[in-house]
Amino acid sequence: MPGDHRQYDFDFIVIGSGFGGSVSALRLSEKGYRVAVMEMGRRWTPENLPPSSWYLHRWFWEPALALRGFFRMRYFRHVTILHGCAVGGGSVTYACTLLRPPDKVWNNGSWKGLAEWQSEMPQHFDTASRMLGLIENRILGPSDRLLKRVADTVGVGQTFYRTHVAIFEAPEGEAGGKTVPDPFFSGEGPDRTTCIGCGGCMMGCRHGAKNTLDLNYLYLAEKRGAQVFAETKVVDVRPLDGAADGGDGYEVRTVSSIARFSRHPRRFTCRGVVFSASSLGTMELLFHLKDKGSLPAISHQLGRYVRTNSESLIGVRVPRSNDDLSKGVAIGSGVYIDEHTHIEAVRYPEGSNTMSLLATMLTGGHPGPGRVALWLKNLCASLLLHPLKTLRLLAPFRWARECVILLCMQAMDDHIDMQWQRHAYWPFRKFLVSRGKRVPTFIPAANEFAEKFAHIAGGTAMSMLPEILFDVPGTAHCLGGAVIAESPEHGVVDYRNRVFGYRNMYVCDGSVVAANLGVNPSLTITALAERAMSYIPFAAETTWTDSAEVRDPALLR
Ligand SMILES: Cc1cc2nc3c(=O)[nH]c(=O)nc-3n(C[C@H](O)[C@H](O)[C@H](O)COP(=O)(O)OP(=O)(O)OC[C@H]3O[C@@H](n4cnc5c(N)ncnc54)[C@H](O)[C@@H]3O)c2cc1C
Ligand code: SF4
């Protein structure tokens, strides 16, 4: 009987266990559905997380090279994208800074006018903040105090703020490291330990203080019966039994994401699917499925409006600094140096010095060969005039202790597009390739701030080598590509995250975000997933006929 849900392996299969996927898994389980979560990354605990970034095989995710960590870098012509890959998605490696975007974002982009966003979203932001355990950071480290001093000196001290973070911190004045029974979910969650301010959040918290998804949403979902399949990559999703719109359910095929030879293929059936593989992962999977004919009706707008934020990583190294600049939480504070430019003080924990291999002396000039030549000239001059000082500056030894990384973000509405094409140098299969106008690789106002910072701290300003050599910026905030829009002519999902052209199919992750947020995006992704799930009926009431609605934005005006 097609209407009988018990003949399917699961009611819903959720692809990916990051912010959108974990919310979906919990809310669907609470509504009485039988849920499976397919996650290609591994499960991490304080015991198996790497002690430092030198343990590359437990930090980077590139299984073909036997690297089975939780952090991945993907290289495109226009941008290098950093993202997480683990049970808990990006939450295992993220810096846990959670900010609400300004209200104006709902009046930009293709979601404009499709819902009463400004009145609907606050309740979902409140739920997301409570579930993720959001607080104002109470642990300011030496880097944060230095940022405040520099901001005061250059006249922007009034913009200094403590970040909002998803970390379990002790009350002000109390030492960290104390383990207590679940403080967040009336005892239903796991025991937690207060933060010791070691700066290690981006290497995965080995102290049980960071509120990663496997300790909140996903933990509770598993308690309610959701099954998480780790190291399991989804490679196919297609409608069952000839109902081309998925009205009779779907088959989902998976392989092992880490096996080298036997890939352990499996087939599951379900009535509904939630794509939550992140902006990049969902685009890649949907492009592949549209191209091979499994989901041919996916909108041609797939890959449009990919937003990468205008970001630049610079820094200041203070050799022989008396203070240990690695202490604090990964992003403890920030400042606004002008209306558009936002800078956060970032750190890696002591001993995690590998990023120093990508750092070099700060170099200005216009992007391109001129900037490379200027960098070479400055480097050679410095090596000739001050050989020991220059080598000491570039050496990995003590880098995390001596360095403040400055993450600069500009809220500009740049976007690129992604397409599914063969490369000239590897024509045997198709890949995601980026297209569009280049995003600027360096922000002059931020460079100037770094120079002043270095002067005040008694250090040297630094840039990232790839930004100088290849003029390609990096971002940890890739958004869009399957955006919310009024119709399939404008986007991939409707205002309730339902995929145009299919039944009981949703996208809940960063790919649906339809405007530049100007802030770190995970809280918004979580709140949007909460909203999408709030519309799904309880299992006992569903008729399994949910499908996307074409909506005229003029109706709401
Ligand atoms: C170093 C770093 C620091 C960051 N710091 C912050 C911060 O402080 N604040 C903030 O807001 N954001 C931060 N981010 C960004 C944040 O991590 C992402 O915005 C967020 O995780 C995106 O959520 P998501 O639900 O879209 O997907 P993700 O959390 O990326 O989860 C997607 C999951 O899907 C899995 N997946 C992909 N394809 C498949 C497939 N075919 N089959 C099965 N599974 C699949 C992936 O392995 C991944 O685990 C940071 C990112 C990085 C890399
Ligand atoms: S600063 Fe250290 S203890 Fe605190 S959340 Fe980050 S990794 Fe965990």
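These are my notebook entries on the protein chain, on ligand 1 and on Ser434 in a predicted model.

**Entry 1: the whole chain**

I began with the secondary structure, and I noted 11 helices and 27 strands in the protein chain. I then looked up the radius of gyration, which is 23 Å, while the globule rule gives 24 Å for 557 residues; the two values are close, so I wrote down that the chain is as compact as a globular protein of that length. For the extent of the C-alpha trace I recorded about 80 × 55 × 55 Å along the principal axes.

Next I turned to the surface and the interior of the chain. The accessible surface comes to about 22,400 Å², and carbon and sulfur atoms hold 56% of it, whereas buried residues make up 58% of the 557 residues. I also checked how far apart in sequence the contacting residues are: among contacts with a separation of 6 or more, 73% join residues that are 24 or more positions apart.

**Entry 2: ligand 1 and its shell**

Which residues come nearest to ligand 1? Of the 37 residues around the ligand, I listed Glu39, Gly90, Thr97, Gly510 and Ser522 as those that come nearest. Sorting the shell by residue class gave me 17 nonpolar, 17 polar and three charged residues.

I then went through contacts with backbone atoms. A polar backbone atom of Ala86 is 3.2 Å from an oxygen atom of ligand 1, and a backbone N or O atom of Cys96 lies 3.4 Å from an oxygen atom of the ligand. For Ala95, the partner is a nitrogen atom of ligand 1, with a backbone N or O atom of this residue 3.0 Å away. Taken alone the ligand exposes 1,000 Å², and I noted that the protein buries 95% of that. The elements that give two or more residues to the shell are α1 (19-30), β6 (80-84), β13 (232-239) and α11 (522-534).

**Entry 3: Ser434**

I picked out Ser434, which lies in strand β23, residues 426-435. Is Ser434 buried or exposed? Its relative accessibility is 2%, and because buried means under 20%, I entered Ser434 as buried.

The side chain of Ser434 makes a polar contact with the side chain of His78 at 2.7 Å, and the Ser434 side chain also reaches the backbone nitrogen of Arg77 at 3.4 Å. Leaving aside neighbours within four places in sequence, I found Ser434 in contact with Phe76, Arg77 and His78, and also with Ile416, Asp417 and Met418.

Notes: Residues are numbered from 1 along each chain as its sequence is written. Chains are lettered from A and ligands numbered from 1 in the order in which they are written. This is a predicted model: local features need pLDDT of at least 70, side-chain atom pairs count only at pLDDT 80 or more; totals for chains, interfaces and linings use all residues. Side-chain values use heavy atoms; hydrogens and water are left out. A residue is near a molecule or strand if one of its heavy atoms lies within 4 Å of it. A polar contact is a pair of N or O atoms within 3.5 Å; within protein, one must be able to donate a hydrogen and the other to accept it, and residues adjacent in sequence count only if both atoms are side-chain atoms. Accessible areas come from the Shrake-Rupley method with a 1.4 Å probe; for residues, only the protein chains shown count as cover. Helices (H or I, at least four residues) and strands (E, at least two) are DSSP runs, numbered from the N terminus. Ala, Val, Leu, Ile, Met, Phe, Trp, Tyr, Cys and Pro count as nonpolar, Asp, Glu, Lys and Arg as charged, and the others, Gly among them, as polar. The radius of gyration is taken over C-alpha atoms; the globule rule is 2.2 Å times the number of residues to the power 0.38. Buried means under 20% relative accessible area, exposed over 50%, partly exposed in between (1.4 Å probe, protein chains only). Contact means heavy atoms within 4.5 Å.
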